[in-house]
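This report describes the fold, the core and the charged pairs of one protein chain. The sequence and the structure come before the discussion.

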Amino acid sequence: MVERILIVGFGTMGSGIAEVFAMNGFEVNVYDAYRDVIPKSLEGIRWSLGKLREKGSLREDVDTVMKRIHVFDNLGNAARGGVDLVIEAVFEDPKVKHQVYRELEGYVGKDVIIASNTSGIPITYLQSVLQYKGRFAGFHWFNPPVLMRLVEVIKGRDTSDETAGALMDLARRVGKEPILVRRDVRGVS
């Protein structure tokens, strides 16, 4: 069962996904190679949580939720320490994504799920660089993640049923409506 999550890429999508998980009681590690995006993203999450609290949609205090988001300046440190799932949300460049996956495999155990929030790159292509391909899937969130209910779980050629099922269950745990996409085709970007 997924309990601790790492988000790699803390821009608009990564920060929105981190917010959803933190709101739902998950400990969330975040890492972005571009350090200057982190303060802005944290400020955006705090603002969003404040608005949700004002509307009565957030049960907890904003500071309580914010304390569940842990910022790291090193991917290795962010990945170590018991993460069960890594969600990659870096920009849509397959070379950059592949580099992140290769590095991640050096830090996490073979049972840790690695997922991509990509909307346009085939999952089968992305998982091709991994040693343990079955643990990789697409986990595509729509913008803004806090408000949009739909989440796509995309199976690549080698994605295990167990991996896809774990992501479907996780999406439901945070109040989302997952759709399993069995046909891995290039999306429109």
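## Helix α1 and the sheet

In this predicted model, helix α1 (residues 12-23) lies across β1 (4-8), β2 (27-31), β3, β4 (85-88) and β6 (136-141), and runs at about 90° to β6. The strands that α1 lies across belong to an open sheet of eight strands with mixed pairing, and the strand order in that sheet is β3-β2-β1-β4-β5-β6-β7-β8. The edges are formed by β3 (69-72) and β8 (177-181), each of which pairs on one side only. From one strand to the next, the twist averages 25°.

## Strand pairs

Two of the pairings can be described in detail. Strands β4 and β5 are parallel and are joined by four bridges. Within this pair, Val 86 has Ile 114 of β5 as its bridge partner. Towards the β8 edge, β7 (residues 150-154) pairs with β8, again in the parallel sense, over five bridges. Here Ile 154 stands opposite Val 181 in β8.

Side chains leave strand β5 (residues 113-116) in two directions: Ile 113 and Ala 115 point one way, while Ile 114 and Ser 116 point the other way. All four of these residues are buried.

## Nonpolar cores

The largest nonpolar core has 39 residues, and the members that touch the most others are Phe 21, Leu 85, Phe 139 and Trp 141. Helix α1 supplies the largest share of this core, with seven residues. A second, separate core has 21 residues, among them Tyr 31, Val 86, Val 112 and Ile 121.

What does Leu 85 touch beyond its neighbours within four places in sequence? Its contacts there are Val 2, Arg 4, Ile 5, Leu 6, Val 112, Ile 113, Ala 115, Leu 167 and Leu 170. Two of these contacts, Ile 113 and Ala 115, are the β5 residues that point one way from the strand.

## Salt bridges

The count of salt bridges comes to ten. One of them joins the side chains of Asp 63 and Arg 46, with an N to O distance of 2.8 Å. Asp 63 is in helix α3 (residues 62-66) and Arg 46 is in helix α2 (residues 37-54), so this salt bridge ties together parts that are 17 residues apart in sequence. Asp 63 counts as partly exposed, at 36% relative accessibility, and Arg 46 also counts as partly exposed, at 39%.

Helix α2 also holds the pair Glu 54 and Lys 51, three residues apart and separated by about one helical turn. In this salt bridge the closest N and O atoms are 3.8 Å apart, which is still inside the 4 Å cut-off. Is Glu 54 exposed or partly exposed? Its relative accessibility is 63%, so Glu 54 counts as exposed; Lys 51, at 33%, counts as partly exposed.

Another salt bridge joins the side chains of Asp 169 and Arg 172, at 3.2 Å from N to O. Both residues lie in helix α7 (residues 161-173), three residues apart, which is about one turn of the helix. Asp 169 has 45% relative accessibility and counts as partly exposed; Arg 172 has 46% and counts as partly exposed. Elsewhere, Glu 88, Glu 92 and Lys 97 are joined into one network by salt bridges that share partners.

## The chain as a whole

The protein chain contains seven helices and eight strands. Its C-alpha trace spans about 45 × 30 × 30 Å along the principal axes. The radius of gyration is 15 Å, which agrees with the value near 16 Å for a compact globule of 189 residues.

Of the 189 residues in the protein chain, 49% are buried. Among contacts between residues at least 6 apart in sequence, 69% join residues at least 24 apart. The contact list of Leu 85 includes Leu 167 and Leu 170, and Leu 85 is one of the residues that touch the most other members of the largest nonpolar core.

How values were computed: Residues are numbered from 1 along each chain as its sequence is written. This is a predicted model: local features need pLDDT of at least 70, side-chain atom pairs count only at pLDDT 80 or more; totals for chains, interfaces and linings use all residues. Side-chain values use heavy atoms; hydrogens and water are left out. Buried means under 20% relative accessible area, exposed over 50%, partly exposed in between (1.4 Å probe, protein chains only). Two strands pair if DSSP finds at least two bridges between them. Axes are lines fitted to C-alpha atoms, for helices over the stretch in contact, and angles run from 0 to 180 degrees between N-to-C directions. Contact means heavy atoms within 4.5 Å. A nonpolar core is a set of buried Ala, Val, Leu, Ile, Met, Phe, Trp, Tyr and Cys residues joined through side-chain atoms within 4.5 Å. The radius of gyration is taken over C-alpha atoms; the globule rule is 2.2 Å times the number of residues to the power 0.38.
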